[in-house]
Amino acid sequence: MKQIRFKVHSICVFLMFLLMIPFGAFAQQGMVTGQVVDEKGESVIGATVQIKETSDGTITDFDGNFSLKAKVGNTLVVSYVGYSTQEVKISKQTGNRIVLKEDAEVLDEVVVVGYGTARKGDLTGALTTMKPDANDAAKATSLDNLLSGKVAGLVVSSSSAMAGSASSITIRGASSLRGDNQPLYVIDNVPQASAGEFASSGISGDFQINQDPLASLNPSDIEDITILKDASSTAIYGSRGANGVILITTKKGKQGKAKVNVSANFTIAEPSKLLEMTNLYEHAAYINSRVSNGQYPFYVVGDEVRYVFNDALANYDPNNPETYHIINYRNWQKEIYTSAFSQNYSLSVSGGTDKTTYYISANFKDINGTVKQTGLKQGDLRANIGMDLSKSVHLNMTLSGSLRQNNMMAGGSTLGGSTTAISRTALDYAPFEMPDGDPSFSSENKTTIFSWLNDYEDIANDKTFNASMDLSWNIMKGLRYNLRVGGNLNINDRKRWYGLQLYQGMNNNGYLALTDLNKSNVSIENVLNYNTKLGSVATLDATVGVTYDDYNFLNENTNGSQFTMFDLRENGLHMAGNVQHLAPIQKDYQLLSYLGRINLTFLDKYLITASLRADGSSKFGKGNRWGYFPSASVAWRMEQEEFLKEVDWLNQLKVRVSYGVTGNQSIDPYSTFSMYGSDGNYHYGNGNGEQESVLQITNLPNDGLTWEKTASWNAGLDFSLLRSRLSGTFDFYVKRTNDLLISRSLPGSAGFGSTYYNQGSLDNKGVEFSLTAQVIDTKDWKWSITGNIGKNKSKIVNLGLLPTDFGCLGERIGYYGNSLGDHFGVGHVFLQGEAPGLFLGYVTQGIVQPEDITDQGVKFIKDDGTIGYYKDVNGSIPAAGDIKFVDKDGNGSVNTSDRDIIGNPNPGFTYGFQTSLSWKGLTLSAAFNGVQDRDVINVNNRYINTPGQKAGTVSKKAFEGMWTPENHSNLYPSSNFIVQNMVMDRYVEDASYLRCSDITLLEFNL
């Protein structure tokens, strides 16, 4: 931002001087002319020529000439895309010749890579660098906001829009079927604990909304982000690099006077596109349509809707108000959603002397959710200090901490239904408030949205502290030693209270779930770097290091029930008559590593990189603890060849090829050992008649477990054209993960439910393309566009299992995924030769019509176009108005053997683009991101778009389009349809989208 400093004393003196000088002095200002050329003497068209520290300027014409009002002694600032900006002092009125030099800054820019830095032009691997714009950082509330849609091959997804909830980031597809697929985050040289590791809820079958583990990082403190994608870039991180690596460097102070930056960002979020549910009259008609005996619970008389208790249906008398209750319409969605006003403030002070620099920042954000009583309040502090301890020793220190309080809502449970989450209640509950005394009250309809707003709490308090130190010693010319020590500490306590108005609280006379999470990790790195020239033809950069990491994770859950007093809510554990301390979940492990890397550059155009890392993990048995991860890559800077040096429009053309191996150790510690635990089903007594504690083995050990290993090939092309006004990157990659860590189910005779095995392999193949264009770059107008697209295709190559009967799919090698909940059952399948996690379910063909019912069964169309028949659906006899299924195996009965592939959750491709248009001081920017050819299972289709006996209420479109004896619809079943607990293709939707994530109009005020 431009700043003007006013010094009253200096202005007064200057005005007095003007009054004293003769007016003839102003005659020295006139037209200054000249020409702007490049190093080859060719004219530079459209270069900006501006008088320094003024807004006066012009642009060069087709011959590179310029003219503007100035005087001898003024300084001209000359700039053009692809060239270094020049400042030239005017020595004469005419004939000024200004030579612009090509800007090598892009290629010479220093980029952070694993355990060091490198010139961008010397990179041989596939990586993306970002320097977050100050305005983008001020608007972002989390790291994933900065990354979404801006990096080819990087996919950000979230299962909840709740403020403070965690997102999932994958780079170039999932590399593991059961393990963690989140990338490794390294902040200021300190590796972070897995971003995919969360505290358990302590409530059986509960879908707890997870919190963002990186929320303590203020986006405004980020200097740059480097995303390492291919194995040649990530292999230096060995066992933790299989899913990609994201390197984050926070801002440092610079020598000079103190600079103060303040930003305040305010946003208003409005809930939009609320689902259109039935109104009161439609709901009454819908419920009445189920009645066959003429005793209706609803009567519409004029504008009045009358409701009759279910134990008095036969007593309804339209002339006796005591036999009915007048009810009023309530739109429950509007009752829980609200406009959300959020604030985000940041303050930073930076500066320093020639020996000490500092960057100190503070941030406070108050983010309100669009669901009432949800939100996030967070404050954080950071101090980054750099100091020269001597001429050869430099010390960097970072300290940061944050305090966060999250108010969240329940995310549901495997039970499904309206009692599990406030959003589910708002959609499923009848559109009126049930009168007191209704005998139809049950656990389901006693839970209203007011139950959630008045008698539920989900409060998480989070404390995070991070510290790191980087001691750099320049031992001699070209030889540097770095000692890096860092650590992270996270303490999180979460309290969830269910009062008597909620299903969980009703059944337990109040229910309180407490979760305490303590996470910490310490990293120690010893890194030696040597850089030298090998004569005049080559340069050598070599790195060796030894690192040690210690990770600790302790999750403790305590549940309380049978409360004698309820007023203390989440703080009243001592009032619980029954307190249960669950077995703690402890995950401690250590990692010892040795690493080495060599970079060779020949003639500034032939580049070679090779690395090797050895990791020893305590997660595995003694014979399998060590894994070895090599990589190699080469690159050719073709623009440096003689036959291309004369091509004026070509600034960069680099070809890259790389290969490497990375690993994954994402299993729980101690999985290779026998674990012991108590079991209340076994009782033993000693000689005194006293009960003894009983311990038993709780898992089947496998000391043969070893690393998942991902081998990756990458071929890439980097180019820059037209003086860097157009630049881009293209990459093609192939990844194969072998020795997949899979939790395999065991037969009952084994005595254990499952155990871990190394078996199978998984492929990922894809292409990525990114492009940046400076379309317009003149004095007043600037327009830039950046975009990226990435396509990844995953396939399970081998699972190492025997063929199994998968019903209509035949004898296949694979296994079923986990249950999606009691109302759905299994919804995924993993099959050899197919993409991972495909949706599995029943195939439907509209609605059963009366003419479809024959003596042979219900008529349907087979895949080959012929007629087929089935008599039952999991034992239930179909009727007109039911959903029509397809008997895939043709045995006359629709059951689990007829489940087929009904969708693919893996996206076909992802993309994003950003644009910025500036005119003088006014800037309009926009950002977009999208996903194409991706399916999702929308559980709402089961509850609100499938009329039936079990549906409380339905959407307006389902009500209007449902089958009735008068309307033989082929879209929605009748209100008497009995919905079974299954997944069907009617629940699967195309999740392709293009989203405008941000539009900003910004003006810099002088």
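**View 1. Strand E44 and the positive surface patch of the predicted model.** In this predicted model, strand E44, which spans residues 781-798, gives the most to the positive patch, contributing three residues. The patch as a whole is formed by Lys765, Lys791, Lys793 and Lys795. Lysine 793 is found in strand E44, and its relative accessibility of 62% lies over the 50% cut-off, so lysine 793 counts as exposed.

**View 2. A salt bridge within helix H12.** The side chains of glutamate 642 and lysine 645 meet in a salt bridge, with an N to O distance of 3.7 Å. Both residues lie in helix H12 (residues 642-645), where they are three residues apart, about one turn of the helix. Glutamate 642 is exposed, with a relative accessible area of 61%, whereas lysine 645, at 39%, is partly exposed.

**View 3. A buried salt bridge between aspartate 852 and lysine 884.** In this pair the side chains of aspartate 852 and lysine 884 meet at 3.1 Å, N to O. The salt bridge links distant parts of the chain, 32 residues apart: aspartate 852 sits in the loop between strand E50 (844-847) and strand E51 (853-854), while lysine 884 belongs to strand E55 (residues 883-885). Aspartate 852 has a relative accessible area of 8% and is therefore buried, the cut-off being under 20%. Lysine 884 is likewise buried, with a relative accessible area of 10%.

**View 4. A salt bridge between two loops, and a network elsewhere in the chain.** The side chains of aspartate 863 and lysine 888 form a salt bridge with an N to O distance of 2.7 Å. This pair, too, links distant parts of the chain, 25 residues apart, with aspartate 863 in the loop between strand E52 (857-861) and strand E53 (867-870), and lysine 888 in the loop between E55 and strand E56 (893-894). Aspartate 863 counts as exposed at 68% relative accessibility, whereas lysine 888 counts as partly exposed at 23%. Salt bridges that share partners also join Asp188, Asp221, Lys252 and Arg382 into one network. The structure holds 35 salt bridges.

**View 5. Two cysteines in a model without disulfides.** The structure holds zero disulfides, and this view turns to cysteine 808 and cysteine 996. Cysteine 808 has a relative accessible area of 25% and is partly exposed. Cysteine 996 has a relative accessibility of 35%, which lies between the cut-offs of 20% and 50%, so cysteine 996 also counts as partly exposed.

Notes:
Residues numbered from 1 in each chain as written. Predicted model: local features only at pLDDT ≥ 70, side-chain atom pairs only at ≥ 80, totals over all residues. Heavy atoms only, no water. Disulfide = S-S within 2.5 Å. Buried < 20%, exposed > 50% of the residue type's maximum accessible area, 1.4 Å probe, protein only. Patch = residues over 30% accessible without salt bridge, like charges linked within 9 Å, V, L, I, M, F, W, Y side chains within 5 Å. Areas by Shrake-Rupley, 256 points an atom, 1.4 Å probe, with all protein chains shown as cover. Salt bridge = Lys/Arg side-chain N within 4 Å of Asp/Glu carboxyl O. Lys, Arg positive; Asp, Glu negative; His and termini not counted. Charge placed at Lys NZ, Arg CZ, Asp CG, Glu CD. Helix = DSSP H or I, 4+ residues; strand = E, 2+ residues; numbered from the N terminus.
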